[in-house]
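Please examine the sequence and the structure shown below. The paragraphs that follow lead from single residues to charged pairs, helices and nonpolar cores.

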Amino acid sequence: MTRLLPAVLRDEPQYRLLFGSQVLSIIGDRVVMVALPFAVLAVGGDVGDVAVVSAAQFLPFVLLALPAGVLADRHDRKRILVASDTVRMVCQLVGGLLLVTGHAEVPHLVVIAALYGASDAFFAPSFTGLLPATVAPANLQPANALRGLTFSVASVAGPVLAATLVAFAGGPGGALLFDAATFAVSVALLLPLRPRVVEEHADEDEVAGTDHFWDGLRGGWREIRSRSWVLAFLAGMATYHAVVLPAVHVIGPVLADAELAGARSWAIITAGFGIGCIIGDLVFLRWRPRFALRVAAILLVGASCQAAFIGSGLSDWGIAGLELLAGICVTGMFTLWETSLQEHIPDRSLSRVSSYDYLSSAGVIPLGNLVTGVVAAAYGVHVTLVGMSVVGLLVAVGIAAVPSVRTLPRGAPA
């Protein structure tokens with residue numbers, strides 16, 4: 001039976017704890033993504049209230065991503081993960097109980113969503129910085145691929161589980177309580193975690209005798225600015241999230257409703273993308289390309305075609321087939337990019353650099369969605385979708401041409 005497990009799980013006991021702590025909580029997060037809008041509607045809210053609750057959860061992440069990276073590089077990352085999961089567990093527990101007992105109101109959900117988003121902001125850079133300390137260098141890419149696989153599987157299973165919980169287990173409140181339970185399991189697995197101690201080297205700010213937030217933030221930016229491959233890929237990730245990804249968030253469902261069979265067609269298309277992500281994660285569990293970032297740049301070129309795939313005019317099954325290819329490209333790109341950061345950025349700065357990464361990707365999504373909606377209304381969905389992929393492709397090809405991107409070698413965690 002153990003031979004069926006990926007080698008990284010068999011060989012790395014500390015990673016087993018870190019990975020196990022996240023599996024259920026990732027599924028729980030995907031459940032709540034589906035259930036939360038229905039929770040708002042269940043307490044008498046409208047579409048505007050749904051938007052407010054969503055913004056309340058997202059805005060703290062944008063505001064706190066960079067401070068979270070500074071904190072994670074200066075303090076115990078494991079403790080930050082435990083604190084983040086504990087706060088999110090309490091948020092979901094309180095929200096679930098309020099919903100189940102009929103005492104929830106929209107302002108309650110806004111406050112809970114804001115606290116949840118704030119604690120989530122501290123989790124992401126700490127996790128990225130901690131992961132290399134739980135695996136051997138050879139297992140770093142499989143560890144990232146396996147984590148990506150959990151996101152891919154959860155994206156498929158989460159909505160199904162959410163529908164079941166909402167229908168048969170206490171409505172949206174039951175879904176939030178389920179998420180709270182997953183965070184409790186996560187905390188229980190994180191507490192015995194003993195990551196490898198990484199030798200620390202003082203950065204320039206510490207040598208100079210300063211320890212201020214802005215000094216730490218500037219230190220992280222220096223690490224980025226000194227590496228042209230990081231700057232190039234940050235630009236590529238920002239372009240993908242702001243220009244290409246709104247095809248999925250904004251235009252795709254509208255196009256499916258107007259030209260295909262509505263929700264059924266969109267479910268088929270998104271399932272195709274999810275299956276592609278799973279295939280890609282399985283591939284990169286085993287394949288370790290010699291030039292990881294070069295391959296990531298090529299995959300970014302493929303991922304940038306996603307908007308054009310959706311606007312191709314094919315049937316829902318035809319678009320789903322193209323989206324399967326896009327899923328392979330997207331998940332492989334993320335796995336190899338994250339692995340490259342962990343292999344080449346010093347541990348003392350890794351969380352700060354990753355916080356810039358999170359901000360330049362997740363932080364630009366709302367603006368991209370807004371601009372895409374305006375452009376699509378003015379020029380039509382098909383023209384907009386083609387234009388989105390053209391812009392994305394031009395940037396991706398430019399990144400693939402950067403010498404430091406093409407020639408960056410593999411390396412052990414810095």
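**A guided reading of the model**

Ser126 counts as buried, with a relative accessibility of 0%. The coordinates belong to a predicted model. Ser126 has its place in helix H5, which comprises residues 106-130. Its side chain reaches the backbone oxygen of Phe122 at 3.0 Å. When neighbours within four places in sequence are left aside, Ser126 is in contact with Ala72, Arg77, Ile80, Leu81 and Ser351.

One of these contacts, Arg77, leads to the charged pairs. Side chains of opposite charge can pair when their charged atoms come close. The side chain of Arg77 meets that of Asp73 in a salt bridge, with N to O at 2.6 Å. Arg77 is buried at 8% relative accessibility, because the limit for that class is under 20%. Asp73 has a relative accessible area of 14% and is therefore buried by the same limit. Asp73 also forms a salt bridge with Arg352, where the closest N and O atoms are 2.8 Å apart. Because Arg352 belongs to helix H16 (residues 347-361) and Asp73 to helix H3 (residues 47-74), this pair ties together parts that are 279 residues apart in sequence. Arg352 and Asp73 are both buried.

A further salt bridge joins Arg288 and Glu343, whose closest N and O atoms are 3.7 Å apart. Arg288 lies in the loop between helix H12 (263-286) and helix H13 (292-303), while Glu343 lies in helix H15 (residues 316-344), so the pair links parts that are 55 residues apart in sequence. Arg288 counts as partly exposed at 39% relative accessibility, whereas Glu343 is buried at 3%. Salt bridges with shared partners also join Asp73, Arg77, Asp347 and Arg352 into one network. The count of salt bridges in the model comes to 10.

Attention now turns to helix H13. H13 has 12 residues and reaches 16 Å from its first C-alpha to its last, close to the 16 Å expected at 1.5 Å a residue. Nine of the 12 residues are buried, so H13 is largely enclosed by the rest of the structure. The buried residues are Ala292, Leu293, Val295, Ala296, Ala297, Leu299, Leu300, Gly302 and Ala303.

Helix H18 (residues 381-400) can be examined in a similar way. At 1.5 Å a residue, its 20 residues should span 28 Å, and the end C-alpha atoms are 28 Å apart, which agrees. Thr384, Leu385, Met388, Ser389, Gly392, Ala396 and Ile399 are buried in H18. These residues cover an arc of only 130 degrees around the axis, and therefore lie on the same side of H18. Val383 and Leu394 are exposed on the other side of H18. The buried residues of H18 pack against H10, helix H11 (246-259), H13, helix H14 (306-310), helix H17 (365-379) and helix H19 (403-407).

Among those packing partners is H10, the helix of residues 228-244 in which His241 lies. His241 counts as buried at 9% relative accessibility. The side chain of His241 reaches the backbone oxygen of Met237 at 2.8 Å. Apart from neighbours within four places in sequence, His241 is in contact with Pro246, Phe334, Ser361, Val364 and Ile365.

The nonpolar cores complete the picture. Which residues touch the most other members of the largest nonpolar core? Of its 71 residues, these are Tyr15, Trp229, Val230, Phe233 and Trp337. With neighbours within four places in sequence left aside, Tyr15 is in contact with Val8, Leu9, Gly20, Leu131, Thr134, Val135, Ala143, Leu146 and Arg147. A second, separate core of 12 residues includes Val32, Val53, Leu99 and Ala113.

Tyr15 can also be placed relative to Pro132. The two residues are 117 residues apart in sequence, and their C-alpha atoms are 9.2 Å apart in space. Pro132 lies in the loop between H5 and helix H6 (140-168). Pro132 counts as buried, with 7% relative accessibility. The loop that holds Pro132 thus brings the reading back to H5, the helix of Ser126.

Definitions and conventions. Residues numbered from 1 in each chain as written. Predicted model: local features only at pLDDT ≥ 70, side-chain atom pairs only at ≥ 80, totals over all residues. Heavy atoms only, no water. Salt bridge = Lys/Arg side-chain N within 4 Å of Asp/Glu carboxyl O. Buried < 20%, exposed > 50% of the residue type's maximum accessible area, 1.4 Å probe, protein only. Helix = DSSP H or I, 4+ residues; strand = E, 2+ residues; numbered from the N terminus. Polar contact = N/O pair within 3.5 Å; in protein donor to acceptor, adjacent residues only side chain to side chain. Contact = heavy atoms within 4.5 Å. Core = buried A, V, L, I, M, F, W, Y, C linked by side-chain atoms within 4.5 Å. Expected span 1.5 Å × (residues − 1). Arc of directions from axis to C-beta.
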